[in-house]
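Trainee: I would like to go through this structure and ask what stands behind each label.
Mentor: Go ahead, and ask for the value each time.

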Amino acid sequence: MKKIFLLAVLAGGLAFGQSKKVVASDVHWWGYKVAKSEASSHDGTVKVKSGDMVMKGNQLVGGSFVLDMTSISSTDLTGEYQQKLNGHLKNGDFFEVEKFPTASFKITGVKKNNDKVYNSLVTGNLTVKGKTSPITFPAKISYSKGVVSLVSNKFSFDRQKFDVAYKSTMQDVFVKDDIDMLVKVTAQ
């Protein structure tokens with residue numbers, strides 16, 4: 001009986017995939033003022049709090065990531081200006097990190113992409129401020145010696161779908177709706 005149970009557990013693991021824990025990450029963001037250009041942008045980072053990637057054979061089939069929104073920080077500024085922007089991003093004007101300290105992304109599908117560098121299209125549900133919306137982005141996925149790596153191409157999503165809105169009398173006249181991101185995650 002024990003052998004049958006052990007075989008069932010092993011077969012279940014092979015059928016559903018093997019989970020790999022995130023061991024390294026780099027998530028970079030860009031936000032833009034009126035004109036979407038490098039000269040009118042701010043950029044920075046946000047840390048991955050936890051995550052996993054699910055492999056079936058040598059193919060990525062799922063996974064989820066939790067972003068620590070309290071870690072959001074601009075990297076294009078320093079000193080007092082950086083502190084002001086970081087506070088602005090964390091308060092009710094944008095991400096409300098006291099109320100919503102994390103955001104998440106759950107992979108719902110991975111397809112082949114015709115791009116030679118970014119060989120996959122990753123689709124999933126992004127949840128920010130309690131609101132969820134699907135997004136898809138191109139990524140380079142590799143798997144070797146038990147280590148899986150996902151590196152996205154720069155992609156955009158509409159912050160308004162997540163109620164990430166500048167709460168001022170000018171509303172969002174000065175801030176573009178697109179947020180660009182570049183994600184690098186390694187799991188083993």
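Trainee: What kind of model is this, and how many helices and strands are in the protein chain?
Mentor: This is a predicted model. The protein chain has two helices and nine strands. Read from the N terminus, the order is α-β-β-β-α-β-β-β-β-β-β.

Trainee: How much of the protein chain is buried?
Mentor: Of the 188 residues, 37% are buried. The protein chain exposes about 11000 Å², and carbon and sulfur atoms supply 57% of that area.

Trainee: Which share of the contacts joins residues at least 24 apart?
Mentor: The share is 57%, taken among contacts between residues at least 6 apart in sequence.

Trainee: Why does Ser71 count as buried?
Mentor: Buried means under 20% relative accessible area. Ser71 has 17% relative accessibility, so Ser71 counts as buried. Ser71 is found in strand 3.

Trainee: What makes the pair of Ser71 and Asp68 a polar contact?
Mentor: The side chain of Ser71 reaches the backbone oxygen of Asp68 at 2.6 Å. The cut-off for a polar contact is a pair of N or O atoms within 3.5 Å, so the 2.6 Å of this pair falls within the cut-off.

Trainee: Which residues does Ser71 touch, leaving out those up to four places away in sequence?
Mentor: Ser71 touches Thr45, Val46 and Lys47. To touch here is to have heavy atoms within 4.5 Å.

Trainee: Now the empty spaces. How do you know where empty space is left?
Mentor: Rolling a probe the size of a water molecule over the atoms shows it.

Trainee: What makes a space a cavity and not a pocket?
Mentor: In a cavity the probe fits but cannot get out, whereas a pocket is an open set. The count comes to one cavity of 30 Å³ or more. The largest cavity has a volume of about 180 Å³, and 13 residues line it. Phe65, Leu67, Phe105, Met181 and Val183 lie nearest its centre.

Trainee: Which elements supply at least two residues each to the lining of the largest cavity?
Mentor: They are strand 3, strand 6 and strand 9. Strand 9 gives the largest share, three residues.

Trainee: How does the lining of the largest cavity divide into nonpolar, polar and charged?
Mentor: It has 13 nonpolar residues, no polar and no charged. Phe, Leu, Met and Val count as nonpolar, so the residues nearest the centre of the largest cavity, such as Phe65 and Met181, fit that division.

Trainee: What is the volume of the largest pocket, and which residues lie nearest its centre?
Mentor: The volume is about 500 Å³. The lining has 27 residues, and Trp29, Gly31, Leu89, Phe94 and Val175 lie nearest the centre. Elements giving two or more residues to this lining include strand 1 (18-33), helix 2 (79-90) and strand 9 (175-187). Strand 9 gives the largest share, five residues.

Trainee: Why is Gly31 called polar in this lining?
Mentor: Gly is counted among the polar residues by the definition, so Gly31 is polar here. The whole lining of the largest pocket has 20 nonpolar, three polar and four charged residues.

Trainee: How does the lining of the second largest pocket divide?
Mentor: It has four nonpolar, five polar and two charged residues. Lys counts as charged, so Lys111 and Lys112 in this lining are charged. About 200 Å³ of space lies in the second largest pocket.

Methods: Residues are numbered from 1 along each chain as its sequence is written. This is a predicted model: local features need pLDDT of at least 70, side-chain atom pairs count only at pLDDT 80 or more; totals for chains, interfaces and linings use all residues. Side-chain values use heavy atoms; hydrogens and water are left out. Helices (H or I, at least four residues) and strands (E, at least two) are DSSP runs, numbered from the N terminus. Buried means under 20% relative accessible area, exposed over 50%, partly exposed in between (1.4 Å probe, protein chains only). Accessible areas come from the Shrake-Rupley method with a 1.4 Å probe; for residues, only the protein chains shown count as cover. On a 1 Å grid over the protein atoms alone, a cavity is a set of points where a 1.4 Å probe fits but cannot get out, and a pocket is an open set with protein on both sides within 12 Å along at least five of seven lines; lining residues have an atom within 4 Å of a point. Grid points are joined across faces, edges and corners, and a volume is the space filled by probe spheres set on the points. A polar contact is a pair of N or O atoms within 3.5 Å; within protein, one must be able to donate a hydrogen and the other to accept it, and residues adjacent in sequence count only if both atoms are side-chain atoms.
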